[in-house]
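Here's a quick tour of a protein with something bound to it, written for someone who likes to think in atoms and axes. Have the viewer open while you read.

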Amino acid sequence: MGIRIIGTGSYVPDQILTNRDLERMVETSDAWIRERTGIGSRRITEAGTTDMAVKAAKRAAEQAGIFPEELDLIIVGTSTGDCLFPGTACEVQAAIGAGSAACFDLSAACSGFLFSLNTACVYLESGEYETALVIGADTLSKTVDWSDRGTCILFGDGAGAAVVRREESAGCIGPFIMKADGSRGECLKCSAVPLRNPFLDKQEDAFGYMAMNGQEVFRFAVKTVPEVMEAVLEKAGVPAEEIQYFILHQANERILSSVAKRMRQPVSKFPMNLERYGNTSGASIPILLDELNRQGKFNRGDKIVLAGFGAGLTWGATFLRW
Ligand code: ACO
């Protein structure tokens with residue numbers, strides 16, 4: 001028995017926010033943003049996380065050729081659900097008619113899709129479930145202070161999804177490694193819930209925007225991502241040379257090329273779409289996966305590494321054979 005991705009889907013909103021638009025909002029320039037990040041534009045949703053997640057999910061289910069009632073499990077990796085409860089996964093279940101599926105959200109910021117995929121695979125491997133829908137969806141635009149040029153240039157909205165199934169096949173997902181360092185949580189943080197009730201001395205109304213120490217996050221990423229990918233390759237017993245694609249969280253072109261260099265692998269093995277979408281947090285890996293899949297880039301048996309990193313701090317890598 002193997003576990004395979006049998007369908008992928010993604011959705012990005014129509015509204016485009018370019019670097020030129022940002023030049024009119026904060027003191028920055030298209031040239032600075034491109035040079036420091038590789039980003040040219042990003043998408044902004046008015047409809048929210050659930051709407052994007054549902055659209056991506058329907059496309060993945062359609063490509064997989066499954067009926068929504070066949071889904072046993074839906075996990076949404078998100079840190080920006082439209083409500084605190086119900087969870088986004090429950091809302092997706094209702095919208096697509098997947099009444100038999102167990103549903104929950106998983107909060108691991110930009111590592112959210114990767115951790116959700118790994119979690120789904122453990123349920124499939126247990127024999128308990130056969131078919132799972134894994135989604136990464138985020139609306140980072142609502143967490144960003146649009147007057148802070150240090151963060152607002154980086155982020156955008158979107159969703160991506162994959163249908164994963166246990167079946168007779170040579171495909172596999174895993175081994176994987178997931179890591180976290182909560183002691184460094186302050187370097188990328190967004191406190192969303194206003195604290196206001198009669199039992200608290202301190203009353204806080206203000207919505208806390210995202211705060212980031214960009215340089216520290218940068219250093220963290222270029223050190224830990226190559227390490228965790230090397231470790232997962234060692235666990236899989238596969239040399240880096242045999243990997244067709246390293247599909248990384250799309251945070252910054254400089255981070256990705258630096259990781260490629262440290263891995264001594266050509267940057268052409270590190271596909272990127274961040275020029276068009278910026279950093280879409282939990283959605284970035286599945287959006288890219290879907291784009292490559294629909295372009296016919298994957299062949300059966302291809303060896304691929306997925307790697308995510310983000311707030312928490314969290315990071316991890318997963319080996320998969322397509
Ligand atoms: N436009 C113009 N100038 C700017 C901008 C801007 N948008 N932002 C900062 N600057 C200025 C700074 O004020 C500073 O000026 P100074 O030298 O006069 O003080 C100068 O540019 C250099 O600033 P740095 O912060 O040193 O710039 P750096 O090269 O580190 O780039 C960046 C900043 C792009 C944020 C980078 O640190 C980065 O990409 N870090 C990783 C961030 C990231 O990927 N976060 C998310 C990952 S995890 C997740 O996805 C949630």
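What follows goes from the overall fold to the two sheets, and then to the ligand.

**Overall fold**

Keep in mind that this is a predicted model. The chain's secondary structure adds up to ten helices and 13 strands. Its radius of gyration comes out at 19 Å, close to the 20 Å that the globule rule gives for 322 residues, so the chain is as compact as a globular protein of that length. If you'd like a box for it, the C-alpha atoms fill roughly 55 × 50 × 35 Å along the principal axes.

**The five-stranded sheet**

Start with the open sheet of five strands, ordered S1-S7-S6-S4-S5 and mixed in its pairing. Its edges are S1 (2–11) and S5 (102–106), each of which pairs on one side only. On average, neighbouring strands here are turned by 20 degrees against each other, direction ignored.

Zoom in on S1 and you'll find it antiparallel to S7 (residues 157–167), with nine bridges joining the two. In that pairing, Arg-4 sits opposite Arg-165 of S7.

Two helices are worth a look against this sheet. H5 (residues 112–125) packs on it and touches S1, S4 (73–77), S5, S6 (131–139) and S7. The direction of H5 makes about 165 degrees with that of S6. H10 (residues 284–294), meanwhile, lies across S1, S6 and S7, and runs at about 100 degrees to S1.

**The four-stranded sheet**

The other sheet to look at is also open, with four strands in the order S8-S13-S12-S11 and mixed pairing. S8 and S11 (245–248) are the edge strands, each pairing on one side only. The twist from one strand to the next averages 15 degrees.

In the middle of that order, S12 (residues 303–310) and S13 (residues 314–321) pair in the antiparallel sense over eight bridges. Gly-308 stands opposite Gly-316 in S13. H5 turns up again here: it packs on this sheet too, touching S8, S12 and S13, and its direction makes about 130 degrees with that of S8.

So what does Cys-172 touch, once its neighbours within four places in sequence are left aside? This residue belongs to S8 (residues 172–180), and its contacts are Ile-3, Phe-319, Leu-320 and Arg-321. Take Leu-320: Cys-172 is 148 residues away from it along the chain, yet their C-alpha atoms are separated by 5.5 Å.

**The ligand**

Now for the part you may want to dock against. There are 23 residues around the ligand, and those that come nearest are Arg-36, Cys-110, Gln-215, Asn-252 and Asn-279. Three arginine side chains place a polar atom by a ligand oxygen atom, as tabulated here.

| Side chain | Distance from its polar atom to a ligand oxygen atom |
|---|---|
| Arg-36 | 2.5 Å |
| Arg-149 | 2.9 Å |
| Arg-254 | 3.3 Å |

How much of the ligand's surface does the protein bury? Taken alone, the ligand exposes 1000 Å², and the protein buries 73% of that.

To pull the threads together, H5 packs on the five-stranded sheet and also on the four-stranded one. Among the residues in this account, Arg-36 belongs to the group that comes nearest to the ligand, with a side-chain N or O atom 2.5 Å from a ligand oxygen atom.

How values were computed: Residues numbered from 1 in each chain as written. Predicted model: local features only at pLDDT ≥ 70, side-chain atom pairs only at ≥ 80, totals over all residues. Heavy atoms only, no water. Pairing = 2+ DSSP bridges. Axes fitted to C-alpha atoms, helices over the stretch in contact; angles between N-to-C directions. Contact = heavy atoms within 4.5 Å. Near = heavy atom within 4 Å. Polar contact = N/O pair within 3.5 Å; in protein donor to acceptor, adjacent residues only side chain to side chain. Areas by Shrake-Rupley, 256 points an atom, 1.4 Å probe, with all protein chains shown as cover. Rg over C-alpha atoms; globule rule 2.2 N^0.38 Å.
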